[in-house]
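Work through the exercises below with the sequence and the model side by side. Try each task before reading its solution.

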Amino acid sequence: MISPDQLSDPTVRAFVTAVNAGDNSAFQAVLTPGATMSDDGSDRDIAQWAEKEIFSSGGHMDVEKESDGGLALIVDYRNDTWGEMRTAWRFVTEDGRISRFETGQA
C-alpha cells in the first residue's frame, strides 16, 4: 500500500487524505466549483454521492498503486455499506483542484 502522504500528485493526495479523515469540508475544498464525477460509468451528484458513499458510511481508501503521474489510482476502497472492493480512480485537476473524478470497480 502507498501511504496518502506519499502520493505523487498533491491534489490527489489532499483528496485521499480528506476521504480517509472523513473531512467533508476538506473534500469540498479540493474540488473546483462545478466539479463532476462518475461512479461505474454513471454521472452522479458529487455532494449526494460523497455523503452516501464516504461520509455517512465510513469510506476509506487504501491506495495499492498509482500511475499517470498520480492521476490514476488502484484502491482497496471500503465503507460500511458495501464492505471492501478493488476500485479504479481517475482524476482531472485544474489549478490545484479536482474538476472531475471517475471511480468504479477495477
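Helices (H or I, at least four residues) and strands (E, at least two) are DSSP runs, numbered from the N terminus. Residues are numbered from 1 along each chain as its sequence is written, and side-chain values use heavy atoms, with hydrogens and water left out. This is a predicted model: local features need pLDDT of at least 70, side-chain atom pairs count only at pLDDT 80 or more, and totals for chains, interfaces and linings use all residues.

**Exercise 1. The sheet**

Task: Find the order of the 6 strands in the open sheet, and name the edge strands.

Solution:
- Step 1. Start with the pairing rule: two strands pair if DSSP finds at least two bridges between them.
- Step 2. Read off the order, which is E2-E1-E6-E5-E4-E3, with mixed pairing.
- Step 3. Strand E2 (42-44) and strand E3 (60-67) are the edges, as each pairs on one side only.
- Step 4. Add the twist. Neighbouring strands are turned by 25 degrees against each other on average, direction ignored. Axes here are lines fitted to C-alpha atoms, for helices over the stretch in contact, and angles run from 0 to 180 degrees between N-to-C directions.

**Exercise 2. Bridges and hairpins**

Task: State in which sense E1 and E2 pair, then do the same for E3 and E4 and for E4 and E5.

Solution:
- Step 1. Strand E1 (residues 31-39) is antiparallel to E2, over 3 bridges. Met37 has Arg44 of E2 as its bridge partner.
- Step 2. E3 and E4 are also antiparallel, joined over 7 bridges. Asp62 faces Asp76 in E4. A hairpin links E3 and E4, with 4 residues between them.
- Step 3. E4 and E5 pair in the antiparallel sense over 8 bridges. Ile74 is matched by Ala88 in E5. This hairpin has 3 residues between its strands.

**Exercise 3. Helices on the sheet**

Task: Which strands does helix H1 (residues 10-21) lie across, and which does helix H3 (residues 46-55) touch?

Solution:
- Step 1. Fix the term: contact means heavy atoms within 4.5 Å.
- Step 2. H1 lies across E3, strand E4 (72-79), strand E5 (83-94) and strand E6 (97-105). H1 runs at about 160 degrees to E3.
- Step 3. H3 packs on the sheet and touches E1, E2, E4, E5 and E6. The direction of H3 makes about 60 degrees with that of E1.
- Step 4. Now look at E4. The rest of the structure largely encloses E4, because 7 of its 8 residues are buried. Buried means under 20% relative accessible area, exposed over 50%, partly exposed in between (1.4 Å probe, protein chains only).

**Exercise 4. Ser57**

Task: Is Ser57 buried or exposed, and which backbone oxygens does its side chain reach?

Solution:
- Step 1. Place Ser57 in the loop between H3 and E3.
- Step 2. Its relative accessibility is 2%, so Ser57 counts as buried.
- Step 3. A polar contact is a pair of N or O atoms within 3.5 Å; within protein, one must be able to donate a hydrogen and the other to accept it, and residues adjacent in sequence count only if both atoms are side-chain atoms. A polar side-chain atom of Ser57 lies 2.9 Å from the backbone oxygen of Lys52. The Ser57 side chain also reaches the backbone oxygen of Glu53, at 3.2 Å.
- Step 4. Leaving out residues up to four places away in sequence, Ser57 touches Glu51, Lys52, Asn79, Asp80 and Thr81.

**Exercise 5. Positive phi**

Task: Where do Asp68 and Asp95 lie, and how exposed is Asp95?

Solution:
- Step 1. Recall that most residues other than glycine have a negative phi.
- Step 2. Asp68 sits in the loop between E3 and E4. Its phi is positive, about 55 degrees, although Asp68 is not a glycine. At 47% relative accessibility, Asp68 is partly exposed.
- Step 3. Asp95 is in the loop between E5 and E6. The phi of Asp95 is near 50 degrees, again positive in a residue other than glycine. With a relative accessible area of 77%, Asp95 is exposed.
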